[in-house]
Amino acid sequence: MKNIVIFGAPGAGKGTQSDKLIEKYGLGHISTGDVLRNEIKNGTELGKTAKGYIDNGQLIPDELMVDILASVYDGFGKEHAGVIFDGFPRTTPQAEALKKMLAERGHKVAAMIELSVPEDELMARLINRGKESGRSDDNEETIKKRLNVYHTQTSPLIDWYAKEGIHHHVEGLGTVEEIFSRIADVVDGL
Ligand code: AMP
């Protein structure tokens with residue numbers, strides 16, 4: 001089983017590369033951002049709570065996210081090829097909770113793949129995406145907040161996973177295919 005954390009700043013290409021990983025390796029996909037946007041669309045209580053944080057570029061509280069994650073993960077059943085965690089974890093407590101949740105099921109994260117992209121390129125990609133995505137958080141002001149949240153709360157996970165011995169750095173500039181072939185090299189080596 002290959003559980004993989006695809007990691008990076010907003011705009012790094014996590015969603016795009018997840019789609020390709022799913023296709024090539026038959027993995028499941030957990031995008032916490034997609035889960036939350038779906039809750040908002042369906043007008044659930046969780047969606048109402050999440051919307052305030054998302055539109056403000058802030059993270060949803062850890063306790064809420066951890067519960068959601070466990071239930072989505074269990075939805076894949078006990079035997080599966082592996083799951084891509086896309087947009088989770090985003091804080092150290094989330095990484096610790098993920099490790100614990102998986103250990104309780106006899107599973108683990110096989111690799112954390114960090115897509116590294118320079119700040120000006122992230123900004124350009126997100127502003128461009130905002131023109132088509134219709135996402136309420138893809139506007140310049142909220143993008144700046146999200147990048148700031150990434151640097152302060154999320155990027156410490158690079159060291160956290162390095163200490164776990166499963167951090168892999170991948171250059172996130174280039175064509176989608178070039179970047180994917182770098183990622184596939186990591187996955188094939190697992
Ligand atoms: P994303 O689609 O991954 O960029 O996520 C969009 C927004 O959803 C983020 O800016 C957060 O407000 C929220 N979100 C998604 N995943 C998480 C998470 N793991 N922890 C907290 N908030 C999250």
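Okay, let's start with one residue: L147 is buried, because its relative accessibility is 3% (buried means under 20% relative accessible area, exposed over 50%, partly exposed in between, with a 1.4 Å probe and protein chains only). L147 sits in helix α7, residues 140-154. Helices here are DSSP runs of H or I with at least four residues, strands are runs of E with at least two, and both are numbered from the N terminus.

Before I go on, a word on what you're looking at. This is a predicted model, where local features need pLDDT of at least 70 and side-chain atom pairs count only at pLDDT 80 or more, while totals for chains, interfaces and linings use all residues. Residues are numbered from 1 along each chain as its sequence is written, and side-chain values use heavy atoms, with hydrogens and water left out.

Back to L147. Which residues is L147 in contact with, leaving aside neighbours within four places in sequence? They are A9, P10, E119, L122 and M123, with contact meaning heavy atoms within 4.5 Å. Take A9: it is 138 residues from L147 in sequence, yet their C-alpha atoms are 6.7 Å apart.

Now the sheet. It's an open one with 5 strands, ordered β2-β3-β1-β4-β5, and the pairing is parallel; two strands pair if DSSP finds at least two bridges between them. At the edges you'll find β2 (28-31) and β5 (167-171), each pairing on one side only. On average, neighbouring strands are turned by 20° against each other, direction ignored. Helix α2, residues 32-41, packs on this sheet and touches β2 and β3, with its direction at about 65° to that of β2. For these angles, axes are lines fitted to C-alpha atoms, for helices over the stretch in contact, and the values run from 0 to 180 degrees between N-to-C directions.

Inside the sheet, 3 bridges join β1 (residues 4-7) to β3 (residues 83-86), and V5 has F85 as its bridge partner in β3.

F85 also has a ring partner. The rings of Y73 and F85 have centres 5.9 Å apart and planes at 25°, so this pair is stacked. (Rings of Phe, Tyr and Trp, the last by its six-membered ring, pair if their centres lie within 6.5 Å; planes under 30 degrees apart are stacked, over 60 edge-to-face, the rest tilted.) Y73 belongs to helix α4 and F85 to strand β3, so the pair ties together parts 12 residues apart in sequence. Buried or exposed? F85 is buried, at 0% relative accessibility, and Y73 is buried too, at 1%.

Next, the loop between β3 and α5 (92-104), where F88 lies. P89 is in that loop as well, and a cis peptide bond joins F88 and P89, with omega about 0°. In general, most peptide bonds are trans. F88 is buried, with a relative accessible area of 1%, and its contacts beyond four places in sequence include V5, T32 and M65.

Last, the record. An unreviewed UniProt entry lists a "binding site" at T32, R37, Q58, L59, I60, G87, F88, P89, R90, Q94, R135 and R146; such annotations may be inferred rather than shown by experiment, and the positions follow the numbering used here. These residues span 115 residues in sequence, with the farthest two C-alpha atoms 24.4 Å apart, so they do not all gather at one spot. One of them, L59, is in the loop between α3 (45-55) and α4 (62-74). L59 is buried, at 19%.
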